[in-house]
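Please work through the exercises below with the sequence and the structure open beside you. Each one sets a task and then gives a solution in steps.

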Amino acid sequence: MQRNPQLNKSGELIHLLSIDGLPRAVLHQILDTAGTFLSVNDREVKKVPLLRGKSVFNLFFENSTRTRTTFEIAAKRLSADVINLDIARSSAAKGESLLDTIANLSAMHADMFVVRHSESGAPYLIAQHCAPHVHVVNAGDGRHQHPTQGLLDMYTIRHFKHDFTKLTVAIVGDIVHSRVARSDIHALTTLGVPEIRAVGPKTLVPGDLAAMGVRVCHDMKEGIAGADVIIMLRLQNERMSGAMLPSAAEFFKSYGLTPDKLALAKPDAIVMHPGPINRGVEIDSDVADGKQSVILPQVTFGIAVRMAVMSIIAGNSA
Amino acid sequence: MKVLIRNGRIVDPATKRDEVGDLAIAAGRIVGVGRVSADFEPERTIDATGLVVMPGLVDLAVRLREPGHEHEGMLESEMAAAVAGGITSLVCPPDTQPVLDEPGLVQMLKFRAHNLNLARVYPLGALTRGLQGEVLTAMAELTAAGCVGFSQAEVACKDTLVLHRALQYAATFGYTTWLRPNDAWLGNGVAAKGALATRMGLSGVPTIAETIALATIFELVRDTGARVHLCRLSSAAGIELVRRAKSEGLPVTCDVSINNLHLTDVDIGYFDAAMRVTPPLRQQRDRDAIRAGLADGTIDALVSDHTPVDADAKTLPFAEAEPGASGLELLLGLALKWGAQDKVPLERTLATVTSAPVAVIGDALGSLAASAGRLVEGGVADVCVYDPAAHGPVMPAALRSQGKHTPFAGHELPARVRYTLVAGQVAHDASSS
């Protein structure tokens, strides 16, 4: 088996492709570094010169406004030059292959690619074929991973709950199609969370998830009882009809997070969501806007976490 | 041309021969096996001291890529790869472009292959026109043109009524239908369903995609009496169903590919597109069942499932990469490797790539049915001579096939083909190529 392509021979992070296989020390290094960047965001001049003179290319083969914007802000706060490319509407539409696109952008002296792609594993292919000095950050690939979202979720949990080793975390919703859930699960197991529950109907939460170290729950009440952290996932529109689920309304009835269901969790439980939220589908407005919701702090922490990731990998060489 | 292969270990599973001796060939036929009379005067003598002399291999699943996919493989390159792998007869599925559903296309392919004077090519005709699963092809005409059976290749026949009628019609004339058991709706993923596919976020093909298709096929076989060859099984549960069908006496045979015999989904590693094959690589217990089933004869034959794929089609994200791998040159080595690892007798190991696949093709081989895949006096001189001591790693760039993608890159193989003779002519000589 080949070496984990996101680490160099010394075990340092050179790309961020997946949380699967990341050592606990690297996770803590990223979270600690993010903490130091949080204060940068509060300064009047919100910039540090760590990536000055470097070019960061945002390559979004799949549409996203929010994630791309937070990466752009993070790169700019590190003083990098940021180029946004909406590949979904340009090269790929003209029939250019993924690696030809990468070769062309490398010829423009890119230093870092932030990649979102609809196919699982696409950032691995790019990392394996780009020049050795170029770093790749996975900004979401298919159903596989969304590692910076996983990291910002960990930052949020650490901020509010401090110690991972005593927590019960419930992840609710469309887990089978969720890259966020996979990143969260790997991060939580690596950080020593003793109980991780995956909650949803059998079409969205298959039994073989148990092999990832989670307890599979098909009953919402059982799933969130006594939880310290509840992570609600966005239900994609295309799942709400057809053979996965009969309707959004029926999903909300069984698995939507309402104040009375939230009352089953610990009184100080926090509610998280990677956004954008579907009010009345997976989460009730009273919960989304309520005291226990930390959805907006997640967004703020996301910028610091992405700054941390970019500055760490840029400092390590293959 | 008269050829004498001297002093080799002659292993022929069909006649249970395993002895050191000589093999004499004249006018394309074997004229002496074991002891050859002293007055035989060869024009060429091959010293096989320390080498194994066996029947030429018969591979039941080889995509030559002609017509229509010449950028991925041409007859010249793929037939040269076949004889370099010791393969003297091969069966090719009809999923070319255009599909082999017209006698003229089959005749052209047979004609092109014949002129190359390398391995013998036995095409499968399409079971339905354009593999669309709607209209039956002219099976009698296709048979007259040289087809040895009829197949839907990778396209599952969704309409059970059409499949039922196709089997009834094929059974009328005694034609064999070759089907890969895969449910059209459940079988669309890119990896085997399981913990690994779930972790990697790859769409999974569940085992029930295979077992549901098998259950349907067996019911249709019971009803029609049609002879069916099941192509490339992948799961332990599927093999168990075949075992029961055979013990019931149903006229079915089956094969498995070298990929599923040796690899599992864990080999996908970090989205390695070389591991993107159909059927998908399954789990350890499936591989164990495949290996046991091939040893005990539940699975009749081992195939290369040779599918040369162009580099552009493989350097894509895993799910978008074209499935398939080159395998012609690895078939013998991987058969021997399995045999050695699982302590399968050499006779059975070699039978899976010689006499057993010949029995699968059956009467459709015509006059060759009695002598292909075996070494008998008066039979055709299709022979493979390999060196059982020449082990070495698989090097993709060195493959003769136009497709350089193999999931076995770097794997040690325990033997090397030295000579391949087709109809008594030396079609491959490792010392000169």
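A residue counts as buried if 20 or more other C-beta atoms lie within 10 Å of its own, and as exposed if 12 or fewer do. The model is a predicted one, and the predictor gives the complex an ipTM of 0.93 and a pTM of 0.95.

**Exercise 1.** Determine which residues of helix H3 of chain A are buried, and what they pack against.

*Solution.* Step 1: apply the cut-off to helix H3, residues 98-107 of chain A, where A:Leu98, A:Ile102 and A:Leu105 turn out to be buried. Step 2: look down the axis of H3(A), where the buried residues fall within an arc of 70 degrees, so they line one face of the helix. Step 3: turn to the other side of H3(A), where A:Asp100, A:Asn104 and A:Ala107 are exposed. Step 4: look for the partners of the buried residues of H3(A), which are strand E1 (55-60) and helix H4 (122-129) of chain A. Step 5: continue past the helix to A:His109, which follows H3(A) and has a positive phi, near 65 degrees.

**Exercise 2.** Describe the side of chain A that touches chain B, by its elements and by the character of its residues.

*Solution.* Step 1: count the residues in the contact, to which chain A gives 24 and chain B gives 17. Step 2: assign the residues of chain A to elements, whereupon H3, H4 and helix H6 (179-190) are each found to supply at least two residues of the side that touches chain B. Step 3: rank these contributions, of which the largest share, 3 residues, comes from H4(A). Step 4: sort the residues of this side of chain A by character, which gives 11 nonpolar, 7 polar and 6 charged. Step 5: check the confidence of the partner, chain B, which averages a pLDDT of 96, with 100% of the residues scoring at least 70.

**Exercise 3.** Decide how the radius of gyration of chain A agrees with that of a compact globule, and describe the fold around that value.

*Solution.* Step 1: take the 318 residues of chain A, for which a compact globule would have a radius of gyration near 20 Å; the chain has 19 Å, which agrees. Step 2: add the extent of the C-alpha trace of chain A, about 55 × 40 × 40 Å along its principal axes. Step 3: list the secondary structure of chain A, which holds 11 helices and 9 strands. Step 4: consider burial, since buried residues make up 50% of the 318 residues in chain A. Step 5: consider the contacts in chain A with a separation of 6 or more, 75% of which are accounted for by residues 24 or more positions apart.

Key
Residues numbered from 1 in each chain as written. Chains lettered and ligands numbered in written order. Predicted model: local features only at pLDDT ≥ 70, side-chain atom pairs only at ≥ 80, totals over all residues. Helix = DSSP H or I, 4+ residues; strand = E, 2+ residues; numbered from the N terminus. Arc of directions from axis to C-beta. Contact = placed C-beta atoms within 7 Å. pLDDT = per-residue confidence, 0-100. Nonpolar A, V, L, I, M, F, W, Y, C, P; charged D, E, K, R; others polar. Rg over C-alpha atoms; globule rule 2.2 N^0.38 Å.
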